[in-house]
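Please report on the fold of this chain, sheet by sheet, with the residues that show how its strands are arranged.

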Amino acid sequence: MKSLVVEGYNLTPNFNKGVTDYTLEVPNEVERVAISAVKDDTHAQVSGGGSVELSEGLNKVTIVVTAQKGNVKKYNINIFFLKKFMGF
């Protein structure tokens, strides 16, 4: 994959096609993120990106890249969405 971007945020670690696991923390008020995955091979297929709705706690997003020959590589993004505590 050529790039993996969550619009407006930085992945940890920074994207490197040899690294498959990433984390991201978003502010409490964020309800969705836009994930863009750009392939570096025109014949490959990419799935799992786009607009992702978040829920409280850990959100796991997997981007799947399938090569023309059928080889599959998965990139995992663990997104932590921390809701504000509503105490009495």
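The report below goes from the whole chain to its sheets and then to single residues.

## Overall picture

This is a predicted model. The chain has 88 residues, of which 25% count as buried. It holds 0 helices and 7 strands. Read from the N terminus, the order of elements is β-β-β-β-β-β-β. Along the principal axes, the C-alpha atoms fill a box of roughly 55 × 20 × 15 Å.

The accessible surface comes to about 6000 Å². Carbon and sulfur atoms account for 49% of that surface. The chain carries 10 positive and 9 negative charges, and the mean positions of the two sets are 8 Å apart. Contacts in the chain can also be sorted by sequence distance. Among those between residues at least 6 apart, 45% join residues at least 24 apart.

## The sheet of 3 strands

One open sheet has 3 strands in the order β1-β3-β5, with antiparallel pairing. Which strands stand at its edges? They are β1 (3-6) and β5 (50-53). Each has a single partner strand, so one side of each is left without a neighbour in the sheet. Neighbouring strands here are turned by 25° against each other on average, direction ignored.

β3 covers residues 32-38 and pairs with β1 over 4 bridges, in the antiparallel sense. β3 also pairs with β5 in the antiparallel sense, over 4 bridges. The table lists residues that stand opposite each other in this sheet.

| Residue | Opposite residue |
|---|---|
| Leucine 4 | alanine 37 in β3 |
| Valine 5 | serine 36 in β3 |
| Valine 6 | isoleucine 35 in β3 |
| Valine 33 | valine 52 in β5 |

## Two faces of β1

In a regular strand the side chains alternate between the two faces of the sheet. β1 shows such an alternation: Leu4 and Val6 point to one face and are buried, whereas Ser3 and Val5 point to the other and are not.

Leucine 4 lies in strand β1. Is leucine 4 buried or exposed? Its relative accessibility is 5%. The cut-off for buried is under 20%, which means that a residue below it is classed as buried. Leucine 4 therefore counts as buried.

Its contacts are spread along the chain. Not counting residues up to four places away in sequence, leucine 4 touches Leu11, Phe15, Tyr22, Ile35, Ser36, Ala37, Ile63, Tyr75 and Ile77. Leucine 4 and isoleucine 77 are 73 residues apart along the chain, yet their C-alpha atoms are separated by 9.9 Å.

## Alanine 34 in the middle strand

Alanine 34 lies in strand β3. With a relative accessibility of 31%, alanine 34 counts as partly exposed. That class sits between the cut-offs of 20% and 50%.

Which residues does alanine 34 touch, leaving out those up to four places away in sequence? They are Val5, Val6, Glu7, Gly50 and Ser51. Val5 and Val6 fall within β1 (3-6), while Gly50 and Ser51 fall within β5 (50-53). Alanine 34 and valine 72 are 38 residues apart in sequence, and their C-alpha atoms are 23 Å apart in space.

## The sheet of 4 strands

The other sheet described here is also open. It has 4 strands in the order β2-β7-β6-β4, with mixed pairing. β2 and β4 (45-47) are the edge strands, and each pairs on one side only. From one strand to the next, the twist averages 20°.

Strands of a sheet pair through backbone hydrogen bonds, either parallel or antiparallel. How do β2 and β7 run, parallel or antiparallel? They run parallel, joined by 6 bridges, and β7 spans residues 72-81. Across this pair, glutamate 25 stands opposite phenylalanine 80 in β7.

## A cis peptide in a loop

One backbone detail remains. Threonine 12 and proline 13 are joined by a cis peptide bond, with omega about -5°. Where is proline 13? Proline 13 has its place in the loop between β1 and β2 (21-26).

Key: Residues numbered from 1 in each chain as written. Predicted model: local features only at pLDDT ≥ 70, side-chain atom pairs only at ≥ 80, totals over all residues. Heavy atoms only, no water. Buried < 20%, exposed > 50% of the residue type's maximum accessible area, 1.4 Å probe, protein only. Contact = heavy atoms within 4.5 Å. Areas by Shrake-Rupley, 256 points an atom, 1.4 Å probe, with all protein chains shown as cover. Lys, Arg positive; Asp, Glu negative; His and termini not counted. Charge placed at Lys NZ, Arg CZ, Asp CG, Glu CD. Pairing = 2+ DSSP bridges. Axes fitted to C-alpha atoms, helices over the stretch in contact; angles between N-to-C directions.
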